[in-house]
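Biologist: Thanks for sitting down with me. Could we go through this fold together, one question at a time?

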Amino acid sequence: EWPETGRLALYLLGLRATCPPPEPGPQRSLVTWLKYYLEEDWAGSRQRGHPLTSYYQYSLGVLALCVHRKRVREEVIRRLLAAEHHGRFGHAGGSAVDTEAVAALAFVCLERERMVGARLAAELRAAARRARRRTVEAQGRDGFFGNVFIATDACRTQPAYGRAMAALLENLDAFTTAATTAQALPVLHGRSYLDIASMRCREEPDTLTPLSPEVLPEMPGNMTVRLVVECPEPRCPQHRLYDRPVPAPAGASLLDVLRAAAVRGPHNFTFDTQDTPQGPFLSRVLGLEARQQKRSYWQLLTAPSTSLQMGVADYRPHDGETLILRLSKW
(Lines give C-alpha, C1' and ligand atoms only; values in the text may rest on other atoms or scores of the structure.)
Protein backbone atom coordinates (compact mmCIF):
# COMPACT_ATOMS: atom_id res chain seq x y z
CA GLU A 1 0.00 0.00 0.00
CA TRP A 2 1.05 3.60 -0.62
CA PRO A 3 2.48 5.19 2.56
CA GLU A 4 0.16 7.68 4.28
CA THR A 5 3.07 9.76 5.56
CA GLY A 6 1.64 13.24 5.04
CA ARG A 7 -1.88 12.49 6.24
CA LEU A 8 -0.71 10.78 9.43
CA ALA A 9 1.80 13.57 10.08
CA LEU A 10 -0.91 16.24 9.81
CA TYR A 11 -3.16 14.19 12.11
CA LEU A 12 -0.43 13.93 14.74
CA LEU A 13 0.29 17.67 14.50
CA GLY A 14 -3.42 18.39 14.93
CA LEU A 15 -3.66 15.93 17.81
CA ARG A 16 -0.79 17.62 19.63
CA ALA A 17 -2.35 21.05 19.04
CA THR A 18 -5.64 19.99 20.68
CA CYS A 19 -3.87 19.23 23.98
CA PRO A 20 -5.27 15.70 24.36
CA PRO A 21 -5.51 14.00 27.78
CA PRO A 22 -2.26 12.34 28.89
CA GLU A 23 -3.05 8.88 27.51
CA PRO A 24 0.18 7.92 25.73
CA GLY A 25 -0.94 4.49 24.49
CA PRO A 26 -2.85 5.44 21.30
CA GLN A 27 -0.50 8.33 20.48
CA ARG A 28 2.56 6.10 20.87
CA SER A 29 1.03 3.66 18.39
CA LEU A 30 0.42 6.43 15.83
CA VAL A 31 3.97 7.74 16.22
CA THR A 32 5.29 4.21 15.64
CA TRP A 33 3.21 4.00 12.46
CA LEU A 34 4.61 7.32 11.27
CA LYS A 35 8.19 6.11 11.80
CA TYR A 36 7.29 2.99 9.81
CA TYR A 37 5.80 5.08 6.99
CA LEU A 38 8.93 7.23 6.80
CA GLU A 39 11.07 4.14 6.33
CA GLU A 40 8.68 2.59 3.79
CA ASP A 41 8.39 5.90 1.99
CA TRP A 42 12.12 5.92 1.36
CA ALA A 43 13.00 2.20 1.15
CA GLY A 44 10.42 1.59 -1.56
CA SER A 45 11.89 4.24 -3.83
CA ARG A 46 15.67 3.78 -3.76
CA GLN A 47 15.65 3.26 -7.53
CA ARG A 48 13.85 6.57 -8.05
CA GLY A 49 16.01 8.67 -5.75
CA HIS A 50 13.08 10.31 -3.95
CA PRO A 51 10.40 9.28 -1.43
CA LEU A 52 7.45 7.28 -2.72
CA THR A 53 5.08 10.09 -1.76
CA SER A 54 6.99 13.39 -1.93
CA TYR A 55 9.60 15.38 -0.06
CA TYR A 56 6.72 17.56 1.17
CA GLN A 57 5.07 14.61 2.96
CA TYR A 58 8.43 13.29 4.10
CA SER A 59 9.26 16.67 5.66
CA LEU A 60 5.87 16.75 7.39
CA GLY A 61 6.62 13.34 8.88
CA VAL A 62 9.96 14.49 10.30
CA LEU A 63 8.34 17.66 11.67
CA ALA A 64 5.50 15.73 13.35
CA LEU A 65 7.94 13.39 15.09
CA CYS A 66 9.94 16.38 16.31
CA VAL A 67 6.83 18.17 17.61
CA HIS A 68 5.96 15.03 19.58
CA ARG A 69 9.55 15.06 20.88
CA LYS A 70 10.35 11.70 19.33
CA ARG A 71 13.94 11.26 18.29
CA VAL A 72 14.53 10.96 14.54
CA ARG A 73 17.35 8.82 13.19
CA GLU A 74 20.23 10.88 11.78
CA GLU A 75 19.99 9.01 8.46
CA VAL A 76 16.38 10.18 8.08
CA ILE A 77 17.42 13.79 8.72
CA ARG A 78 20.36 13.61 6.33
CA ARG A 79 18.09 12.39 3.52
CA LEU A 80 16.25 15.70 3.76
CA LEU A 81 19.46 17.70 4.07
CA ALA A 82 20.89 16.04 0.97
CA ALA A 83 17.70 16.75 -0.99
CA GLU A 84 17.78 20.41 0.08
CA HIS A 85 21.49 20.74 -0.73
CA HIS A 86 21.10 19.26 -4.24
CA GLY A 87 17.89 21.15 -5.07
CA ARG A 88 15.64 18.09 -5.32
CA PHE A 89 12.56 19.65 -3.75
CA GLY A 90 11.26 21.17 -6.98
CA HIS A 91 8.91 19.62 -9.53
CA ALA A 92 8.55 20.18 -13.24
CA GLY A 93 6.76 23.39 -14.11
CA GLY A 94 6.27 24.48 -10.50
CA SER A 95 7.88 25.95 -7.42
CA ALA A 96 9.53 24.06 -4.57
CA VAL A 97 8.64 26.73 -2.03
CA ASP A 98 5.95 24.68 -0.23
CA THR A 99 8.38 21.82 0.35
CA GLU A 100 11.19 24.23 1.23
CA ALA A 101 9.00 25.80 3.91
CA VAL A 102 7.96 22.53 5.54
CA ALA A 103 11.50 21.18 5.43
CA ALA A 104 12.73 24.41 7.06
CA LEU A 105 10.14 23.95 9.83
CA ALA A 106 11.47 20.42 10.41
CA PHE A 107 15.11 21.62 10.45
CA VAL A 108 14.40 24.44 12.92
CA CYS A 109 12.34 22.14 15.18
CA LEU A 110 15.10 19.52 15.35
CA GLU A 111 17.66 22.16 16.28
CA ARG A 112 15.41 24.07 18.69
CA GLU A 113 14.35 20.93 20.57
CA ARG A 114 18.03 19.90 20.82
CA MET A 115 17.38 16.53 19.23
CA VAL A 116 20.65 16.49 17.28
CA GLY A 117 24.34 17.01 17.98
CA ALA A 118 26.19 20.30 17.54
CA ARG A 119 27.61 19.52 14.09
CA LEU A 120 24.29 18.43 12.63
CA ALA A 121 22.54 21.39 14.30
CA ALA A 122 24.87 23.78 12.45
CA GLU A 123 24.01 22.09 9.14
CA LEU A 124 20.30 22.37 9.91
CA ARG A 125 20.61 26.10 10.69
CA ALA A 126 22.39 26.72 7.39
CA ALA A 127 19.79 24.72 5.45
CA ALA A 128 16.93 26.63 7.11
CA ARG A 129 18.56 29.96 6.18
CA ARG A 130 18.88 28.86 2.56
CA ALA A 131 15.25 27.73 2.50
CA ARG A 132 14.07 31.08 3.90
CA ARG A 133 16.08 32.96 1.29
CA ARG A 134 14.65 30.90 -1.58
CA THR A 135 11.13 31.36 -0.19
CA VAL A 136 11.51 35.14 -0.28
CA GLU A 137 12.96 34.99 -3.80
CA ALA A 138 9.95 32.94 -4.97
CA GLN A 139 7.38 35.55 -3.89
CA GLY A 140 5.14 36.57 -6.77
CA ARG A 141 3.80 40.01 -7.62
CA ASP A 142 0.53 39.16 -5.90
CA GLY A 143 2.38 38.70 -2.59
CA PHE A 144 2.00 34.93 -2.42
CA PHE A 145 4.77 32.39 -2.45
CA GLY A 146 3.26 28.95 -2.91
CA ASN A 147 1.37 27.97 0.20
CA VAL A 148 0.85 30.32 3.15
CA PHE A 149 3.53 28.78 5.41
CA ILE A 150 5.80 31.09 7.36
CA ALA A 151 8.88 29.02 8.14
CA THR A 152 10.26 30.72 11.26
CA ASP A 153 9.79 33.80 13.38
CA ALA A 154 12.82 35.37 11.66
CA CYS A 155 10.73 35.77 8.50
CA ARG A 156 8.73 38.54 10.16
CA THR A 157 11.67 40.89 9.70
CA GLN A 158 11.53 40.42 5.94
CA PRO A 159 9.50 42.87 3.81
CA ALA A 160 8.13 39.80 2.03
CA TYR A 161 6.29 38.83 5.23
CA GLY A 162 4.22 42.03 5.22
CA ARG A 163 3.38 41.66 1.52
CA ALA A 164 2.35 38.03 2.02
CA MET A 165 0.17 38.88 5.02
CA ALA A 166 -1.56 41.66 3.07
CA ALA A 167 -2.22 39.27 0.17
CA LEU A 168 -3.61 36.69 2.58
CA LEU A 169 -5.98 39.18 4.20
CA GLU A 170 -7.24 40.26 0.77
CA ASN A 171 -8.01 36.66 -0.21
CA LEU A 172 -9.60 35.21 2.92
CA ASP A 173 -12.70 34.25 0.94
CA ALA A 174 -10.56 31.62 -0.79
CA PHE A 175 -10.53 29.47 2.35
CA THR A 176 -13.85 27.68 2.24
CA THR A 177 -12.99 24.25 3.71
CA ALA A 178 -11.96 23.28 7.22
CA ALA A 179 -8.59 21.98 6.00
CA THR A 180 -7.57 25.15 4.16
CA THR A 181 -8.85 27.37 6.97
CA ALA A 182 -6.77 25.34 9.45
CA GLN A 183 -3.67 26.17 7.40
CA ALA A 184 -4.45 29.89 7.26
CA LEU A 185 -5.32 30.41 10.93
CA PRO A 186 -1.81 29.93 12.41
CA VAL A 187 -0.34 32.39 9.91
CA LEU A 188 -3.00 34.99 10.73
CA HIS A 189 -2.01 34.67 14.38
CA GLY A 190 1.71 34.92 13.56
CA ARG A 191 2.30 31.26 14.39
CA SER A 192 3.49 28.14 12.59
CA TYR A 193 3.53 24.38 13.18
CA LEU A 194 6.69 24.98 15.22
CA ASP A 195 4.70 26.62 17.99
CA ILE A 196 2.81 23.37 18.66
CA ALA A 197 5.96 21.91 20.19
CA SER A 198 6.14 24.67 22.84
CA MET A 199 2.43 24.82 23.75
CA ARG A 200 1.62 24.72 27.45
CA CYS A 201 -1.60 22.79 27.36
CA ARG A 202 -2.62 23.55 30.93
CA GLU A 203 -2.84 27.23 30.03
CA GLU A 204 -4.89 26.71 26.86
CA PRO A 205 -8.54 27.84 27.30
CA ASP A 206 -11.31 25.97 25.52
CA THR A 207 -12.52 28.66 23.13
CA LEU A 208 -13.78 26.53 20.24
CA THR A 209 -17.29 27.51 19.17
CA PRO A 210 -19.20 26.24 16.12
CA LEU A 211 -19.90 28.63 13.26
CA SER A 212 -22.65 28.38 10.68
CA PRO A 213 -21.25 28.29 7.13
CA GLU A 214 -21.87 31.46 5.17
CA VAL A 215 -24.03 30.98 2.09
CA LEU A 216 -22.58 32.82 -0.90
CA PRO A 217 -25.13 35.06 -2.63
CA GLU A 218 -26.20 34.14 -6.14
CA MET A 219 -24.99 36.48 -8.86
CA PRO A 220 -27.37 37.31 -11.71
CA GLY A 221 -26.39 36.92 -15.35
CA ASN A 222 -24.02 34.68 -17.27
CA MET A 223 -20.38 34.57 -18.24
CA THR A 224 -18.17 32.76 -20.76
CA VAL A 225 -14.90 31.14 -19.77
CA ARG A 226 -12.36 29.74 -22.19
CA LEU A 227 -11.34 26.24 -21.05
CA VAL A 228 -8.02 24.78 -22.25
CA VAL A 229 -6.62 21.29 -21.54
CA GLU A 230 -2.91 20.68 -22.10
CA CYS A 231 -0.83 17.50 -21.94
CA PRO A 232 2.95 17.48 -22.53
CA GLU A 233 4.79 15.56 -25.22
CA PRO A 234 5.61 12.75 -25.77
CA ARG A 235 2.60 11.46 -23.87
CA CYS A 236 0.31 13.68 -25.94
CA PRO A 237 1.68 14.55 -29.41
CA GLN A 238 -1.28 16.91 -29.92
CA HIS A 239 -0.34 18.81 -26.69
CA ARG A 240 -3.52 20.94 -26.58
CA LEU A 241 -6.40 18.52 -26.19
CA TYR A 242 -9.28 20.94 -25.63
CA ASP A 243 -9.82 24.63 -26.29
CA ARG A 244 -13.44 25.83 -26.15
CA PRO A 245 -15.52 28.68 -24.73
CA VAL A 246 -17.83 27.47 -21.98
CA PRO A 247 -20.93 29.49 -20.94
CA ALA A 248 -21.76 29.33 -17.22
CA PRO A 249 -23.76 31.31 -14.65
CA ALA A 250 -21.99 34.37 -13.24
CA GLY A 251 -20.26 33.54 -9.97
CA ALA A 252 -19.93 29.85 -10.83
CA SER A 253 -16.94 27.93 -9.50
CA LEU A 254 -14.36 26.26 -11.71
CA LEU A 255 -16.01 22.96 -10.84
CA ASP A 256 -19.31 24.34 -12.16
CA VAL A 257 -17.54 25.38 -15.37
CA LEU A 258 -16.18 21.85 -15.82
CA ARG A 259 -19.67 20.44 -15.31
CA ALA A 260 -21.06 22.88 -17.85
CA ALA A 261 -18.40 21.80 -20.36
CA ALA A 262 -19.23 18.14 -19.74
CA VAL A 263 -22.89 18.55 -20.75
CA ARG A 264 -22.14 20.56 -23.90
CA GLY A 265 -21.80 18.92 -27.31
CA PRO A 266 -20.65 17.91 -29.77
CA HIS A 267 -17.12 18.23 -28.28
CA ASN A 268 -17.14 15.70 -25.48
CA PHE A 269 -15.44 16.86 -22.29
CA THR A 270 -15.04 14.43 -19.37
CA PHE A 271 -13.48 14.74 -15.94
CA ASP A 272 -13.45 13.05 -12.55
CA THR A 273 -12.70 14.28 -9.04
CA GLN A 274 -11.75 12.66 -5.77
CA ASP A 275 -12.98 13.87 -2.40
CA THR A 276 -10.21 15.04 -0.05
CA PRO A 277 -10.15 17.03 3.23
CA GLN A 278 -9.26 20.10 1.12
CA GLY A 279 -12.27 19.58 -1.16
CA PRO A 280 -12.62 17.94 -4.59
CA PHE A 281 -9.31 17.04 -6.25
CA LEU A 282 -9.18 16.92 -10.06
CA SER A 283 -8.01 13.37 -10.83
CA ARG A 284 -8.90 12.71 -14.48
CA VAL A 285 -9.52 14.89 -17.52
CA LEU A 286 -10.41 13.59 -20.99
CA GLY A 287 -9.53 10.09 -19.80
CA LEU A 288 -6.02 11.08 -18.63
CA GLU A 289 -5.48 10.25 -14.96
CA ALA A 290 -3.20 12.10 -12.55
CA ARG A 291 -1.54 9.43 -10.42
CA GLN A 292 0.59 9.85 -7.32
CA GLN A 293 2.61 6.77 -8.27
CA LYS A 294 3.60 8.54 -11.51
CA ARG A 295 4.14 11.86 -9.68
CA SER A 296 1.63 13.60 -11.91
CA TYR A 297 -1.20 16.04 -11.17
CA TRP A 298 -3.59 18.35 -12.96
CA GLN A 299 -2.22 21.86 -12.52
CA LEU A 300 -4.82 24.65 -12.48
CA LEU A 301 -3.77 27.92 -14.11
CA THR A 302 -5.24 31.16 -15.33
CA ALA A 303 -3.70 32.34 -18.62
CA PRO A 304 -0.99 32.83 -19.39
CA SER A 305 0.77 30.90 -16.60
CA THR A 306 -0.45 31.87 -13.11
CA SER A 307 -1.14 28.92 -10.81
CA LEU A 308 -4.43 29.15 -8.96
CA GLN A 309 -4.26 29.43 -5.17
CA MET A 310 -7.55 27.55 -4.79
CA GLY A 311 -9.10 24.22 -5.75
CA VAL A 312 -11.70 23.52 -8.42
CA ALA A 313 -14.62 23.98 -6.01
CA ASP A 314 -13.33 27.26 -4.54
CA TYR A 315 -11.99 29.26 -7.48
CA ARG A 316 -14.57 31.52 -9.17
CA PRO A 317 -13.45 32.66 -12.63
CA HIS A 318 -14.53 35.94 -14.17
CA ASP A 319 -16.11 36.58 -17.53
CA GLY A 320 -13.65 36.22 -20.42
CA GLU A 321 -10.99 34.48 -18.36
CA THR A 322 -8.91 31.64 -19.86
CA LEU A 323 -8.45 28.67 -17.54
CA ILE A 324 -5.85 25.99 -18.24
CA LEU A 325 -5.85 22.40 -16.96
CA ARG A 326 -2.29 21.14 -17.49
CA LEU A 327 -1.11 17.61 -16.76
CA SER A 328 2.17 18.23 -14.91
CA LYS A 329 4.89 16.40 -13.01
CA TRP A 330 6.01 17.10 -9.46
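Modeller: Gladly. One definition to start: the expected span of a helix is 1.5 Å times one less than its number of residues. Keep in mind that this is a predicted model.

Biologist: Then what span should helix 1 have, and how far apart are its end C-alpha atoms?

Modeller: Helix 1 has 13 residues, and at 1.5 Å a residue the expected span is 18 Å. The distance between its end C-alpha atoms agrees with that, because it is also 18 Å.

Biologist: Which residue with a positive phi follows helix 1?

Modeller: Helix 1 covers residues 5-17, and its buried residues include Leu12, Leu13, Leu15 and Arg16. After the helix comes a residue with a phi near 55°, and that is Cys19.

Biologist: Which helix gives the most to the largest nonpolar core?

Modeller: That core has 46 residues, with Leu13, Val62 and Phe107 among those with the most contacts inside it. Helices 1, 2, 3, 4, 5, 6 and 9 each supply at least two residues. The one that gives the most, with nine residues, is helix 3.

Biologist: Which residues does Val62 touch, leaving out those up to four places away in sequence?

Modeller: Val62 falls within helix 3, which runs over 55-67. With those sequence neighbours left out, Val62 touches Leu38, Val72, Val76, Leu80, Ala106 and Leu110.

Biologist: On to the sheet: which strands stand at its edges?

Modeller: The sheet is open and has five strands in the order 2-1-8-6-7, with mixed pairing. Two of the strands each have a single partner, so one side of each is left without a neighbour in the sheet. They are strand 2 and strand 7.

Biologist: Do strand 6 and strand 8 run parallel or antiparallel?

Modeller: Strand 8 pairs with strand 1 through five bridges, and those two run parallel. Between strand 6 and strand 8 there are seven bridges, and Gln299 has Arg326 as its bridge partner in strand 8. The direction of this pair is antiparallel.

Biologist: How many of the residues of strand 6 are buried?

Modeller: Ser296, Trp298, Leu300 and Thr302 point one way, while Tyr297, Gln299 and Leu301 point the other way. Both sets are buried. Strand 6 is therefore largely enclosed by the rest of the structure, and its buried count is seven of the seven.

Biologist: Last one: at what angle does helix 10 run to strand 2?

Modeller: Helix 10, residues 254-262, lies across strand 1, strand 2, strand 6 and strand 8. Its angle to strand 2 is about 105°.

Terms used:
Residues numbered from 1 in each chain as written. Predicted model: local features only at pLDDT ≥ 70, side-chain atom pairs only at ≥ 80, totals over all residues. Heavy atoms only, no water. Core = buried A, V, L, I, M, F, W, Y, C linked by side-chain atoms within 4.5 Å. Buried < 20%, exposed > 50% of the residue type's maximum accessible area, 1.4 Å probe, protein only. Helix = DSSP H or I, 4+ residues; strand = E, 2+ residues; numbered from the N terminus. Contact = heavy atoms within 4.5 Å. Pairing = 2+ DSSP bridges. Axes fitted to C-alpha atoms, helices over the stretch in contact; angles between N-to-C directions.
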